[in-house]
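Reader: I would like to go through this structure and ask how its labels are justified. Please set each value against the rule behind it.

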Amino acid sequence: MTTNPILQINHLQKKFGHFQALKDITFSVNAGEVFGFIGPNGAGKSTTIRVLLGLIRATGGDATIFGQDVWHDSVAIHQRLAYVPGDVYLWPNLTGGEIIDLLLKMNGSQHSQRTDDLITQFGLDPTKKARTYSKGNRQKVALIAALSQNADFYIFDEPTSGLDPLNERQFQLAVLALKQQGKAVLLSSHILSEVERMCDRIAIIREGSIIETGSLEEMRHLTRTVITVTLQTALDVTQLAGVHNAEPGQHPNEWQFSVEAKSLPAVMATLTEHHIMALQSTPPTLEDLFMHYYTTEKE
Ligand SMILES: Nc1ncnc2c1ncn2[C@@H]1O[C@H](COP(=O)(O)OP(=O)(O)OP(=O)(O)O)[C@@H](O)[C@H]1O
Ligand SMILES: [Mg+2]
């Protein structure tokens, strides 16, 4: 069965004057999928999103949403698209409630029971003027307006950077509900635990290029697993291929080390020969992967 992706980006490029902000961006997002978009400051996440929204025009490659061109067909696309920017600017003299209703109207939507539920869930006081809101409260206003729309594709650019953990949780629950309804979500984030918890697939962007795409499981294969093992008979694990940072533990024949994914089967076979008495393995976290990609040179 083949399904058309909701978002398809092919070798997208964007130049600002002589500066090439996007060099080569290719990935796709399918219906029912939460897609994580991560990378260091200035990597090109917001620029990619601005191209997708039709706010700036790509200088190379192409991108489609719902099969339509993001630049030429932006009017049609926006009828089924909801978006929350990282920096939310609001009309200072309107109340939060007025702004939510205004944003909804601008998107051809209207205030519904879902809007009221979201206001309660996020604990927003909608009667206050926007100029009195903190950063987190401004973000809530934009999130409530976006989440109460009945869109098919939701784009969030670092939506939880100003939210406290309780509201971050509310946001995550709301996104998971969208996923269950078969909606597609693109989530740019620096909060790795959030990406790890919510995203089906991830793209890592660095200096305007996508350097890795895939599920977290697939990416984990690219790095090392940490193993703590106690053996019955002595073994010098430092001699095994693919083993790094090996250190003896507190007990006799106890070791802690990291092992490359490709060497894991051979290492496990050798450990088994020495009779494993206890073993604990920790898969690499997204944070390990992140550090790995950010600190190693591109080959
Ligand atoms: N209008 C512009 N003119 C010139 N350069 C720009 C413009 N907009 C963005 N850039 C540059 O493009 C690069 C990518 O910026 P972008 O905002 O997309 O990064 P980001 O990945 O969203 O970073 P962050 O995590 O800090 O939000 C940066 O070097 C930025 O300075
Ligand atoms: Mg950004």
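Reader: What makes the pairing of G42 with an oxygen atom of ligand 1 a polar contact?

Author: The model is a predicted one. In it, a backbone N or O atom of G42 lies 2.7 Å from an oxygen atom of ligand 1. A polar contact is a pair of N or O atoms within 3.5 Å, so this pair counts as one.

Reader: Which atoms of N41 and G44 lie 2.9 Å from an oxygen atom of ligand 1?

Author: For N41 it is an N or O atom of the side chain. For G44 it is a polar backbone atom. Because the cut-off is 3.5 Å, both pairs are polar contacts. The protein covers 63% of the 640 Å² of accessible area that ligand 1 has on its own.

Reader: Which residues around ligand 1 come nearest, and which element gives the most to the shell?

Author: There are 14 residues around ligand 1, and G42, G44, K45, S46 and T47 come nearest. The most is given by α1, with 4 residues. Both β2 and α1, which spans 45-52, supply at least two residues of the shell. By class, the shell has 5 nonpolar, 6 polar and 3 charged residues.

Reader: How do you know that β1 and β2 pair?

Author: Strand β1 covers residues 7-16 and strand β2 covers residues 19-29, and 7 bridges join them. Pairing needs at least two bridges, so β1 and β2 count as paired. The two strands run antiparallel, and F16 stands opposite F19 in β2.

Reader: What lies between β1 and β2 in the hairpin?

Author: There are 2 residues between the strands. G17, in the turn, has a positive phi of about 60°.

Reader: What is the volume of the largest pocket, and which residues are closest to its centre?

Author: Its volume is about 470 Å³. The lining has 19 residues, and Y83, P85, L103, M106 and N107 are the closest to the centre. The elements that give two or more residues to this lining are β6 (81-84), α3 (96-106) and α5 (135-147).

Reader: Why does Y83 count as nonpolar, and how does the lining of the largest pocket divide?

Author: Tyr is among the residue types that count as nonpolar, so Y83 falls in that class. The lining divides into 15 nonpolar, 3 polar and 1 charged.

Conventions:
Residues numbered from 1 in each chain as written. Chains lettered and ligands numbered in written order. Predicted model: local features only at pLDDT ≥ 70, side-chain atom pairs only at ≥ 80, totals over all residues. Heavy atoms only, no water. 1 Å grid on protein atoms, 1.4 Å probe; cavity = no way out; pocket = protein on both sides within 12 Å on 5 of 7 lines; lining within 4 Å. Points joined across faces, edges and corners; volume = space filled by probe spheres on them. Near = heavy atom within 4 Å. Polar contact = N/O pair within 3.5 Å; in protein donor to acceptor, adjacent residues only side chain to side chain. Areas by Shrake-Rupley, 256 points an atom, 1.4 Å probe, with all protein chains shown as cover.
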